[in-house]
Amino acid sequence: MFLYILALVAVWFIYRWLKEIKRVPNKGDKYVYITGCDSGFGNKLAHHLDQLGFRVIAACYTEMGETQLKKLSSERLNTVSLDVTKSESVSKAAAFIKTLVGEKGLWAVVNNAGVSVPSGPNDWLNIEDFKSMLAVNLNGVIDVTLSVLPLIKKARGRVVNVASVFGRISPFGGPYCVSKYGVEAFNDCLRLNMAPFGVKVLCIEPGFFKTSVTDTSLVKSNLKKLWDRLPQDVQEDYGKVFLEQTLEGVDQRFGQLTDGDLMKVVGCMEHAVAAVHPRYRYSPGWDAKFFWLPMSYLPTFITDKFFLNNTPKPIKSVL
Ligand SMILES: NC(=O)c1ccc[n+]([C@@H]2O[C@H](COP(=O)([O-])OP(=O)(O)OC[C@H]3O[C@@H](n4cnc5c(N)ncnc54)[C@H](OP(=O)(O)O)[C@@H]3O)[C@@H](O)[C@H]2O)c1
C-alpha cells in the first residue's frame with residue numbers, strides 16, 4: 001500500500017514537471033514590463049528575460065538604474081523612468097509602452113517595485129508612515145496594472161504580482177504586511193476578473209532574500225529613527241532594552257533566514273512569465289515553504305503564542 005502511494009506521488013510529480021516545463025513560443029515578439037529594475041529581483045529578472053530573448057521594458061526608479069541596466073543588456077531591452085507612487089509617471093510609462101508594443105499588446109507586467117521601511121510596532125507609527133509604504137507596495141501595484149491592462153488583454157497576457165510570505169502571515173507591525181495582504185487580495189480578484197479574457201494573474205510570495213529590502217542596516221536605522229521620535233510615555237511603555245533586543249533580533253534573524261540566491265525568486269518570476277502552464281502561486285525560499293506558509297495555516301492561538309514567546313517584550317508587558 002505504501003509503495004502504491006509512493007508511486008502515485010512520483011507519477012504526479014513527473015506529470016507536473018512535464019506540464020510545467022513547456023515555455024511559450026516567439027519570445028522575440030513578447031514585451032514584458034517590469035517595475036523596480038534598479039536592484040534586487042527586478043534587476044536580475046530584466047537581465048534574465050533579456051538573455052532568454054524577451055522584449056524587456058525595464059522600469060527604473062533612478063536614472064543611474066536605467067544607465068547601468070542598458071550598459072549590460074541587449075538592444076532589445078528598453079528602459080523607462082517610473083515612480084509608481086505618481087500617477088503621472090505611471091501614465092507616461094503606459095503611453096510609452098503603448099507606442100512600443102503596437103498591435104501585439106503587452107505580454108506581461110511584473111509588479112515588483114517595493115519598499116520595506118518604515119516598519120515597527122504599530123504604536124510607533126503614524127498614518128503618514130502607512131500611506132507612504134502603501135503608495136508604493138499596494139496603490140503602485142494597482143495603478144501600474146490598470147494602466148496597462150487593456151494592452152495585456154489584447155495580448156491575452158499575464159499579470160505577475162510580487163507579494164510576500166508576509167501577505168499570508170503577519171508577525172510584525174507596520175504597513176509592510178498590510179500592503180502585501182492587499183496585493184494578495186488584488187491579485188486574487190483580478191485573477192477571477194481576467195480569466196474570461198484569457199489573461200493569467202500569478203502571484204510570487206518569496207521568503208527572506210538578501211536584497212536592499214532586507215538590508216539590516218536600513219531596517220535597524222529605521223527602528224532607531226522611529227524610537228527617537230516616540231513620545232516619552234510610549235518609550236517608557238517599551239523601555240530602551242526592548243529597542244536593544246529588537247535590534248539584536250534583526251541581526252540574528254535576518255542572518256539566519258536571508259537566502260543569497262536571488263535566482264530562486266527570479267526563476268519563479270520567469271516561470272510565471274514564460275511557462276505555458278504557470279502556477280497561480282509561487283513560494284520561493286525554504287523559509288517560505290517550510291516555516292511561514294505552514295505557520296499561516298495554524299490556529300491563531302498557536303501562532304500568537306509562538307511569536308510572543310520569540311520576540312522581545314515591552315518593559316510594561318503583562319504577559
Ligand atoms: N527581499 C526579500 O526578502 C523579499 C521578500 C518578499 C517580497 N519581496 C518583494 O520583492 C520586491 C522586490 O524587492 P527586492 O527584494 O528586490 O528589493 P530592492 O532591491 O529594494 O528592489 C525594489 C525596487 O523597487 C524600487 N522602488 C522603490 N520605490 C519605488 C517607487 N516609488 N517607484 C518605482 N520603483 C521603486 C527600488 O528602487 P531603488 O533601488 O532605486 O530604491 C528597487 O529597485 C518588493 O516588492 C519586495 O517587497 C522581497
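Q: Where is Glu103 found?
A: This is a predicted model, and we can start with one of its loops. Helix 4 lies on one side of that loop and strand 4 (108-111) on the other. Glu103 is found in the loop between helix 4 and strand 4.

Q: Is Glu103 buried or exposed?
A: Count the C-beta neighbours inside 10 Å and you get 6 for Glu103. The cut-off for exposed is 12 or fewer, so Glu103 counts as exposed.

Q: How many Å apart in space are Glu103 and Leu151?
A: In sequence, 48 residues separate Glu103 and Leu151. Leu151 is also one of the helix 5 residues in the contact with helix 4. C-alpha to C-alpha, Glu103 and Leu151 are 8.7 Å apart.

Q: Is helix 4 roughly parallel or roughly antiparallel to helix 5?
A: Helix 4 (residues 87-101) packs on helix 5 with the axes 9 Å apart and an angle of about 25°. Angles under 35 degrees count as roughly parallel, so helix 4 and helix 5 are roughly parallel.

Q: Which residues of helix 5 make the contact with helix 4?
A: The crossing of these two, helix 4 and helix 5, is right-handed. Helix 4 brings Ser87, Val90, Ser91, Ala94, Ile97, Lys98 and Val101 to the contact. From helix 5 come Asp143, Val144, Ser147, Val148 and Leu151.

Q: Is helix 5 roughly parallel or roughly antiparallel to helix 6?
A: Helix 5 also packs against helix 6 (residues 175-194), with axes 9 Å apart and an angle of about 20°. Helix 5 passes helix 6 in a right-handed crossing. With the cut-off for roughly parallel at under 35 degrees, helix 5 and helix 6 come out as roughly parallel.

Q: Which residues of helix 6 meet helix 5?
A: On the helix 5 side you'll find Asp129, Phe130, Met133, Leu134, Asn137, Leu138, Val141 and Ile142. Facing them in helix 6 are Pro175, Tyr176, Val178, Ser179, Lys180, Gly182, Val183 and Phe186.

Q: Is helix 7 roughly parallel or roughly antiparallel to helix 9?
A: Helix 7 (residues 216-228) and helix 9 (residues 240-257) have axes 10 Å apart and pack at about 165°. Their crossing, helix 7 with helix 9, is right-handed. Over 145 degrees counts as roughly antiparallel, so that is the label for helix 7 and helix 9: roughly antiparallel.

Q: Which residues touch the most other members of the largest nonpolar core?
A: As a rule, nonpolar side chains in soluble globular proteins tend to be buried together. Here the largest nonpolar core holds 71 residues. Helix 5 (residues 127-155) gives the largest share of this core, 9 residues. Touching the most other members are Val32, Leu106 and Met269.

Q: Which residues is Met269 in contact with, leaving aside neighbours within four places in sequence?
A: Met269 belongs to the largest nonpolar core. Take away its neighbours within four places in sequence, and Met269 is in contact with Phe41, Leu45, Val110, Val160 and Ile204.

Q: How many residues are in the second, separate core?
A: Among its members are Trp124, Tyr238, Phe242 and Leu243. Leu243 also turns up among the helix 9 residues that meet helix 7. The second core has 6 residues.

Q: Why is the protein as compact as a globular protein of that length?
A: The protein has 12 helices and 7 strands. For its 319 residues the globule rule gives 20 Å. The protein is as compact as a globular protein of that length because its radius of gyration is close to that value, at 21 Å.

Q: Which peptide bond is cis?
A: Look at Pro118, in the loop between strand 4 and helix 5. Omega is near 5° for the bond leading into Pro118. The cis bond runs from Val117 to Pro118.

Q: What is phi of Asn26 near?
A: Asn26 sits in the loop between helix 1 (2-21) and strand 1 (31-34). Asn26 is exposed, with 9 other C-beta atoms within 10 Å. Its phi is positive although Asn26 is a residue other than glycine, and the value is near 50°.

Q: Where is Arg156, which has a positive phi of about 50°?
A: Arg156 is not a glycine, yet its phi is positive. With 13 C-beta neighbours inside 10 Å, Arg156 counts as partly exposed. Its place is in the loop between helix 5 and strand 5 (158-162).

Conventions:
Residues are numbered from 1 along each chain as its sequence is written. This is a predicted model: local features need pLDDT of at least 70, side-chain atom pairs count only at pLDDT 80 or more; totals for chains, interfaces and linings use all residues. A nonpolar core is a set of buried Ala, Val, Leu, Ile, Met, Phe, Trp, Tyr and Cys residues joined through C-beta atoms within 7 Å. A residue is buried if 20 or more other C-beta atoms lie within 10 Å of its own, exposed if 12 or fewer, and partly exposed in between; C-beta atoms are placed from the backbone. Helices (H or I, at least four residues) and strands (E, at least two) are DSSP runs, numbered from the N terminus. Two residues are in contact if their C-beta atoms, placed from the backbone, lie within 7 Å. The radius of gyration is taken over C-alpha atoms; the globule rule is 2.2 Å times the number of residues to the power 0.38. Axes are lines fitted to C-alpha atoms, for helices over the stretch in contact, and angles run from 0 to 180 degrees between N-to-C directions. Angles under 35 degrees count as roughly parallel, over 145 as roughly antiparallel, 65 to 115 as roughly perpendicular and the rest as oblique. A crossing is left-handed if the near helix is turned anticlockwise from the far one by less than a right angle, and right-handed if clockwise.
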